[in-house]
Structure formats: structure tokens, C-alpha cells
Amino acid sequence: MSAAIPVRVTVLESWDEVSFAPSPETAIHELKRLALRATRTKGAPEDFLVKYLGAELSDESASLVASGVVPHGALIVLRRRRAPTR
């Protein structure tokens, strides 16, 4: 069994940061779902994307370790399309 890796996830919708210690084999889409639930963000997980080191992690079925996420890494979850402001 692999040791957990601590990560921080900031959900821009609410500007909340949550910490997790998932298994390195945890899929990106699962971590995104957990972050959205923890911050009580409304909307379908498919409406959000995950960024790491400024780049979108487009294969959300890949594990954290396969995506290059390191211990104490910081990920960002944001809407795929921003709502227009007036």
C-alpha cells in the first residue's frame, strides 16, 4: 500500500483551500469531486477543470502520481467557462 501524499486544492468558485492526504493512485476526477463537496460548490464536476503548475490536467482519469503531482502540491479547481460579469 502506498503512503498518502498531502495536497492542497483551491476552489476558485469559493476561494476556499482544502487539504487532503489521498493515495497517490487517487484519480484527479475523484480529488476534484472531493474538493467541490468540501467547499460546498454548486455545479456538476464536469463543469470544472483542474490545474497543476498552471497547466490543465486534461486526463482526469489519471492518478495523482501519473499526473506528476508531488507531496504538498497545490492544485486549482475552476469553472471551465467563466460567468460573464457586468
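Student: What share of the 86 residues in the chain is buried?

Tutor: In this predicted model, buried residues make up 37% of the 86 in the chain. A residue is counted there when its relative accessible area is under 20%.

Student: Why is T10 called buried?

Tutor: The relative accessible area of T10 is 17%. The cut-off is under 20%, so T10 is classed as buried. T10 belongs to strand β1, and its contacts beyond four places in sequence are D16, E17, L75, I76 and V77.

Student: Why does L64 count as buried?

Tutor: L64 has 0% relative accessibility. Set against the limit of under 20%, that value makes L64 buried. L64 sits in the loop between β4 (55-56) and β5.

Student: Which residues does L64 touch, leaving out those up to four places away in sequence?

Tutor: They are I5, P22, S23, P24, T26, I28, L31 and V69; each has heavy atoms within 4.5 Å of L64. In addition, the C-alpha atoms of L64 and A27 are separated by 6.1 Å, with these positions 37 residues apart along the chain.

Student: What makes up the largest nonpolar core?

Tutor: That core has 18 residues, and V9, F20, L31, L75 and V77 have the most contacts inside it. At least two core residues come from each of β1 (7-11), β2 (16-20), α1 (28-38), β3 (48-52) and β5 (73-79). The largest share, four residues, is supplied by α1. In soluble globular proteins, nonpolar side chains tend to be buried together.

Student: Which residues does V77 touch, not counting those up to four places away in sequence?

Tutor: V77 touches V9, T10, V11, L12, K32, L36, F48, L49 and V50.

Student: How many helices and strands are in the chain, and in what pattern?

Tutor: The chain has one helix and five strands. Along the sequence they follow β-β-α-β-β-β.

Student: How do you know whether the chain is as compact as a globular protein of that length?

Tutor: The radius of gyration is 12 Å, and the globule rule gives 12 Å for 86 residues. The two are close, so the chain is as compact as a globular protein of that length. The C-alpha trace spans about 50 × 20 × 20 Å along its principal axes.

Student: What part of the contacts with a separation of 6 or more joins residues 24 or more positions apart?

Tutor: Such residues account for 58% of those contacts.

Student: How far apart are the centres of the positive and negative side chains?

Tutor: The centres of the 12 positive and 10 negative side chains lie 7 Å apart.

Notes: Residues are numbered from 1 along each chain as its sequence is written. This is a predicted model: local features need pLDDT of at least 70, side-chain atom pairs count only at pLDDT 80 or more; totals for chains, interfaces and linings use all residues. Side-chain values use heavy atoms; hydrogens and water are left out. The radius of gyration is taken over C-alpha atoms; the globule rule is 2.2 Å times the number of residues to the power 0.38. Buried means under 20% relative accessible area, exposed over 50%, partly exposed in between (1.4 Å probe, protein chains only). Lys and Arg count as positive and Asp and Glu as negative; His and the chain ends are not counted. The place of a charge is taken as NZ of Lys, CZ of Arg, CG of Asp or CD of Glu. A nonpolar core is a set of buried Ala, Val, Leu, Ile, Met, Phe, Trp, Tyr and Cys residues joined through side-chain atoms within 4.5 Å.
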